[in-house]
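Here are my notes on the model you passed along, set out as numbered points. Have the structure open while you read, and start with the empty space inside.

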Amino acid sequence: MSLIGKKVGAFKAQAFANGVFKEVSNDDLKGKWSVFVFYPADFTFVCPTELGDLADLYADFQNIGCEVYSVSTDTHFTHKAWHDAPDAKAIHKIKYPMLADPNHTISEDFGVLIPESGLALRGSFVINPEAEIVAYEVNTLGIGRTAKELLRKVQAAQFLAKHGDQVCPANWTPGAETLKPNLNLVGKI
């Protein structure tokens, strides 16, 4: 069953962001674009490569009005400890909120919880200002993602929200040509 169009369920979570703990809830998503990036656990292997990649593009996400949230089933205390660990260089770069989901509420709502282990699959979700999922990708634990493609998906979703009569072809980036679906295009692309 697809999650496209699903409203993000109610949640309240502690987060570690910019050296402080703060509460984040589903109300924080309303009225702006958001990205949720689920990962299995802190102090692991593929996770810091992904989260560091995301940190490198965080300003680009902010420039298009999109907030980034990373989410794991760890606590906010564990997020802080990982961020403060001397050798966690990729994690030191993170400025976006790292949400804690130890009760699995958020992971279950997004369909990424692995019940047997209490960990989350690698899920990336683009959420529109109405708090609805408009794009997502879920990978098994060993397959890392790229922040550049996630940014492109947000840009495409934002374009479609403004230009509903057009579509973004493969590899579309802002400023590139789009398509306007019509009978004359059928079989000619």
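1. A search of the whole structure turns up 1 cavity of 30 Å³ or more. By cavity I mean a set of points, on a 1 Å grid over the protein atoms alone, where a 1.4 Å probe fits but cannot get out. Grid points are joined across faces, edges and corners, and the volume is the space filled by probe spheres set on the points. On that basis the largest cavity comes to about 110 Å³.

2. Before going further, some housekeeping. This is a predicted model: local features need pLDDT of at least 70, side-chain atom pairs count only at pLDDT 80 or more, and totals for chains, interfaces and linings use all residues. Residues are numbered from 1 along each chain as its sequence is written, and side-chain values use heavy atoms, with hydrogens and water left out.

3. What lines the cavity? There are 13 lining residues, and those nearest the centre are Ser124, Arg145, Thr146, Ala147 and Leu150; to count as lining, a residue must have an atom within 4 Å of a point. The lining splits into 5 nonpolar, 2 polar and 6 charged residues. Here Ala, Val, Leu, Ile, Met, Phe, Trp, Tyr, Cys and Pro count as nonpolar, Asp, Glu, Lys and Arg as charged, and the others, Gly among them, as polar. Helices α1 and α6 each put at least two residues into this lining.

4. Now the sheet. It is open and mixed, with 7 strands in the order β2-β1-β5-β4-β3-β8-β9. The edges are β2 (20-25) and β9 (133-139), each paired on one side only. From one strand to the next the twist averages 25 degrees. Helices (H or I, at least four residues) and strands (E, at least two) are DSSP runs numbered from the N terminus, and two strands pair if DSSP finds at least two bridges between them.

5. Both helices from point 3 sit against this sheet. Helix α1 (residues 46-56) lies across β3, β4 (66-72) and β8, at about 25 degrees to β8. Helix α6 (residues 147-162) touches β3, β4, β8 and β9, and its direction makes about 150 degrees with that of β3. The axes are lines fitted to C-alpha atoms, for helices over the stretch in contact, and angles run from 0 to 180 degrees between N-to-C directions. Contact means heavy atoms within 4.5 Å.

6. Take a look at β3 (residues 33-38), which runs antiparallel to β8 (residues 122-127) and is joined to it by 4 bridges. Val37 stands opposite Ser124 of β8, and Ser124 is also one of the residues nearest the cavity centre. Is Ser34, in the β3 strand, buried or exposed? Ser34 is buried, because its relative accessible area is 0%; the cut-offs are under 20% for buried, over 50% for exposed and partly exposed in between (1.4 Å probe, protein chains only). Leaving aside neighbours within four places in sequence, Ser34 is in contact with Leu29, Cys66, Glu67, Tyr69, Phe125, Val126 and Ile127.

7. The two hairpins are worth checking together. Strand β1 (residues 12-17) pairs antiparallel with β2 over 6 bridges, with Lys12 partnered by Ser25. That hairpin has 2 residues between its strands, and Asn18 in the loop has a positive phi near 50 degrees despite not being glycine. Asn18 counts as exposed, at 54% relative accessibility.

8. In the other hairpin, β8 and β9 are antiparallel over 6 bridges, and Val126 has Ala135 as its bridge partner. There are 5 residues between these strands, and Ala131 in the turn has a positive phi of about 65 degrees. Ala131, however, is buried, with a relative accessible area of 4%.

9. On the β9 edge, Val138 is partly exposed at 37% relative accessibility. Not counting residues up to four places away in sequence, Val138 touches Val112, Leu121, Arg122, Gly123 and Phe125.

10. Last, the segment after α6, where Gly175 lies. Gly175 is exposed, at 83% relative accessibility. The C-alpha atoms of Gly175 and Lys22 are 37 Å apart, with 153 residues separating them along the chain.

How values were computed
On a 1 Å grid over the protein atoms alone, a cavity is a set of points where a 1.4 Å probe fits but cannot get out, and a pocket is an open set with protein on both sides within 12 Å along at least five of seven lines; lining residues have an atom within 4 Å of a point.
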